[in-house]
Amino acid sequence: MKALIIAAVASTTAVEPIPIEFCIGIGNTSQAIMEARQMEVPISEVMSIFPDQDANDQFYREVIIEAYEEPAYLSSEAQQRAISRFRNTWETECFKASAN
């Protein structure tokens with residue numbers, strides 16, 4: 001599902017293969033979203049950054065929902081692991097989509 005979403009978003013931004021910068025951008029934004037989750041920022045505040053006006057906003061709203069389905073951890077180490085894992089998951093999906 002994630003790969004299909006990434007491919008759909010990428011197809012709205014370029015006809016060529018997905019550039020590495022695109023996947024890095026997904027990683028950066030996914031990391032920021034999970035950082036907000038770990039700081040227990042209300043989901044409505046994070047959602048308001050992406051007002052659902054285009055495919056990119058819809059994509060990131062899905063990322064936000066996935067982040068908020070994860071627990072917010074108490075220890076800084078667990079929070080950092082969750083943030084890194086989340087970013088790596090989304091970047092990996094992006095790179096897998098770009099390989100197809």
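Two residues are in contact when heavy atoms of theirs lie within 4.5 Å. Keep that in mind for the tour, which goes through a predicted model.

**Stop 1: the whole chain**

Display the protein as a cartoon. It has 5 helices and 0 strands, and along the sequence the pattern reads α-α-α-α-α. Of the 100 residues in the protein, 38% are buried. Now consider contacts between residues at least 6 apart in sequence: 70% of these join residues at least 24 apart.

**Stop 2: helix 2**

Select residues 20–38, which form helix 2. Its 19 residues, at 1.5 Å a residue, should span 27 Å, and the end C-alpha atoms are 27 Å apart, so the expected span and the model agree. Next, colour the buried residues of helix 2: Phe22, Cys23, Ile26, Gly27, Ser30, Ile33, Met34, Ala36, Arg37 and Gln38. Then move just past the end of helix 2 and pick glutamate 40, which takes a positive phi of about 60°.

**Stop 3: helix 4**

Select residues 55–68, the 14 residues of helix 4. From the first C-alpha to the last, helix 4 reaches 20 Å, close to the 20 Å expected at 1.5 Å a residue. At the start of helix 4, show the side chain of aspartate 54: one of its oxygens comes to within 3.2 Å of the backbone nitrogen of asparagine 56. The buried residues to colour in helix 4 are Asp57, Phe59, Tyr60, Val63, Ile64, Ala67 and Tyr68.

**Stop 4: helix 2 against helix 4**

Show both helices together. The axes of helix 2 and helix 4 come within 9 Å and cross at roughly 40°. An angle under 35 degrees would count as roughly parallel; helix 2 and helix 4 are therefore oblique to each other. Their crossing is right-handed. Which residues meet here? From helix 2, select Gly25, Ile26, Thr29, Ser30, Ile33, Met34, Ala36 and Arg37; from helix 4, select Phe59, Tyr60, Val63, Ile64, Ala67 and Tyr68.

**Stop 5: helix 2 against helix 5**

Hide helix 4 and select residues 76–99, which make up helix 5. The axes of helix 2 and helix 5 come within 8 Å and cross at roughly 150°. Angles over 145 degrees count as roughly antiparallel, and the two helices are therefore placed in that class. The crossing of helix 2 and helix 5 is also described as right-handed. On the helix 2 side, the residues in contact include Phe22, Ile26, Met34 and Gln38. On the helix 5 side, they include Ala82, Phe86, Trp90 and Phe95.

**Stop 6: glutamine 38 and glutamine 79**

Zoom in on glutamine 38, which lies in helix 2. Is glutamine 38 buried or exposed? Its relative accessibility is 5%, so glutamine 38 counts as buried, the cut-off being under 20%. Leaving out residues up to four places away in sequence, glutamine 38 touches Pro71, Ala72, Tyr73, Gln79, Ala82 and Ile83.

Now pick glutamine 79, one of those neighbours, whose place is in helix 5. A polar atom of the glutamine 79 side chain lies 3.4 Å from the backbone oxygen of glutamine 38. With the same exclusion of residues up to four places away, glutamine 79 touches Gln38, Tyr73 and Leu74. To end, show Tyr73, which is touched by glutamine 38 and by glutamine 79.

Conventions: Residues numbered from 1 in each chain as written. Predicted model: local features only at pLDDT ≥ 70, side-chain atom pairs only at ≥ 80, totals over all residues. Heavy atoms only, no water. Helix = DSSP H or I, 4+ residues; strand = E, 2+ residues; numbered from the N terminus. Expected span 1.5 Å × (residues − 1). Buried < 20%, exposed > 50% of the residue type's maximum accessible area, 1.4 Å probe, protein only. Polar contact = N/O pair within 3.5 Å; in protein donor to acceptor, adjacent residues only side chain to side chain. Axes fitted to C-alpha atoms, helices over the stretch in contact; angles between N-to-C directions. Parallel < 35°, antiparallel > 145°, perpendicular 65-115°, else oblique. Left-handed = near helix turned anticlockwise from the far one by under 90°.
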